[in-house]
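Q: I would like to learn how to read cavities, the nonpolar core and salt bridges in a model. Please take them in turn.

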Amino acid sequence: MLDLFLLSCVLGFIGAGFRKPFIFVLAYSYIDIVAPQKVSWGILSHIPVSLIAFLCAFLSWFVAEDKNGIRISLRQFLLLTLLVYCGLTTQAADFPVEAAEKWAWVWKALLWALFLPLTLRTRLRIEAITLILALSIGVIVIGGGIKTAAGGGGYGELRLLVNDNTGLYEGSIISAVAIAVIPLALWLSRYGTIFPPDWRVKIFAWALCFACALMPIGTGARTGLVCVVVLAAMILRTAKRRMLIVSVMAAGALIAVPLLPKEFTDRMSTIRNHQSDQSASTRVAVWKWTIEFAKRHPFGGGFEAYRQNKLTYDTVKADYAGDNNAALEYQPIVEQGRAYHSSYFEMLGEQGYPGLALWLSLHLLGVWQMELLRRRYRKETSEEFRWVAPLAEALQQAQVIYLVGSTFVGIAFQPFCYMLVGLQCGLWAYIKRVRTAQPQPFRKAAQQPAPRPATA
């Protein structure tokens, strides 16, 4: 029954694209995020639905879309440069076979982010892709949120749609991405037109946000907890009733903390002392190795270059006998081929200093562009543009959460995050195109030269 349901949904989604070609774009985004072919055990798992939707989206745009006024923005140029650069480093990778496997999906993520802004020519399309991103993540986290609320979960134990610890189904990744989706869901509940914001939409949006907020607890991921704190700080940055929001957050924390599982609180306590936790200590050791590796290989070692690392470090456990006395126990650890566990070091180790510079420029420029849109339209009251500043702010919050979460998990090439980049580029290009098409305002009478007095 599950196979038949998924097959019907996917085929219906793709089939609708033959009537409205932009739906192919939505279909590919949904398939790439949810990966229904992984969930299915039957015929769907043997059909290359992702490739089919990918090709349909490109071909339909090439044949049927209006291409007047298309411009390649600076961020799209950076995406193209990063795509070419990664292709070159793959050719000279230290592990060519493994690098080719990663390149097989990285190039699609980069190319899709480069292509997506070209299709977002109207407000409806911008809203539609935002809706698909939020609902697709909802497909994954709603079930996980229900299991967490029922007392399930734990680090490495929360089973989502599939028992697969890769991509968005990995605990740390989904916890960070789920928190990044919260601002988008809240924007849709206020300014959406596909589903007008009535009480049903608002209840669903808040329930989705609650499920997203439960992901750090259900997965036991420290990354998610840090992202929650960052989101709270960014909400307070522009909120009007800050004291009320702070009071509600404090009350919620006082109620929630005693109810949290002991396993979760114990794991979160290692944020303060990373040396007591082997996982956290491994990350620090890998980061030190990557810095030394980049000094010898400034252009990186290609994808999967971490496989050559060999780490030796000590974990420290403190047993407190009194207020000021502690017995320290050192345990030597030797590991090999450990992943970066950080997007910044992932880029540094695999793509070197040029790749890291391109990646940082791409994302930091997005934060700056969304801030410009937020400030320019924050006082806009017209129906045509009043939604722009809130969406720019939501996308900026999602971007910052991604950048913070990237510090602790290797998602430098996560396709969902590049869809956010494409959405930002599409919003920026749409505003520039609409503003350019509008007629220039007439000069004020005070700015006009005064007429010369008539002579007798």
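**Cavities, core and salt bridges**

A: The lining of the largest cavity consists of nine nonpolar residues, with no polar and no charged ones. Here Ala, Val, Leu, Ile, Met, Phe, Trp, Tyr, Cys and Pro count as nonpolar, Asp, Glu, Lys and Arg as charged, and the others, Gly among them, as polar. The model is predicted: local features need pLDDT of at least 70, side-chain atom pairs count only at pLDDT 80 or more, and totals for chains, interfaces and linings use all residues. Residues are numbered from 1 along each chain as its sequence is written, and side-chain values use heavy atoms, with hydrogens and water left out.

Q: How is a cavity found, and how many cavities of 30 Å³ or more does the structure hold?
A: Rolling a probe the size of a water molecule over the atoms shows where empty space is left. On a 1 Å grid over the protein atoms alone, a cavity is a set of points where a 1.4 Å probe fits but cannot get out, and lining residues have an atom within 4 Å of a point. Grid points are joined across faces, edges and corners, and a volume is the space filled by probe spheres set on the points. The structure holds two cavities of 30 Å³ or more.

Q: Which residues line the largest cavity?
A: The lining is made of A176, V177, A180, I401, Y402, I411, F416, C417 and L420, around about 50 Å³ of space. At least two lining residues come from each of α8 (171–191), α15 (388–405) and α16 (415–437); helices are DSSP runs (H or I, at least four residues), numbered from the N terminus.

Q: What lines the second largest cavity?
A: Its volume is about 30 Å³, and its lining is Y28, D32, A109, W112, A113, P415, Y418 and M419. Two or more of these residues come from each of α2 (22–34), α6 (96–119) and α16. By class, seven are nonpolar, none is polar and one is charged.

Q: How should the core be read, and which residues touch the most other members of the largest nonpolar core?
A: In soluble globular proteins, nonpolar side chains tend to be buried together. A nonpolar core is a set of buried Ala, Val, Leu, Ile, Met, Phe, Trp, Tyr and Cys residues joined through side-chain atoms within 4.5 Å. Buried means under 20% relative accessible area, exposed over 50%, and partly exposed in between (1.4 Å probe, protein chains only). The largest core has 131 residues, of which F413, F416 and L427 touch the most other members. Its largest share, 14 residues, comes from α8. Leaving aside residues up to four places away in sequence, F416 touches I33, L133, I137, L168, V177 and V181, where contact means heavy atoms within 4.5 Å.

Q: Is S172 in α8 buried or exposed?
A: S172 counts as buried because its relative accessibility is 6%. Beyond residues up to four places away in sequence, S172 touches A221, T223, R283 and V409.

Q: How many salt bridges does a search of the whole structure find?
A: A salt bridge is a side-chain nitrogen of Lys or Arg within 4 Å of a carboxyl oxygen of Asp or Glu. The search finds eleven. In one of them, R125 pairs with E65, with the closest N and O atoms 2.9 Å apart. This pair links distant parts of the chain, 60 residues apart: R125 is in α7 (residues 123–149), and E65 is in the loop between α4 (49–64) and α5 (74–91).

Definitions and conventions: 1 Å grid on protein atoms, 1.4 Å probe; cavity = no way out; pocket = protein on both sides within 12 Å on 5 of 7 lines; lining within 4 Å.
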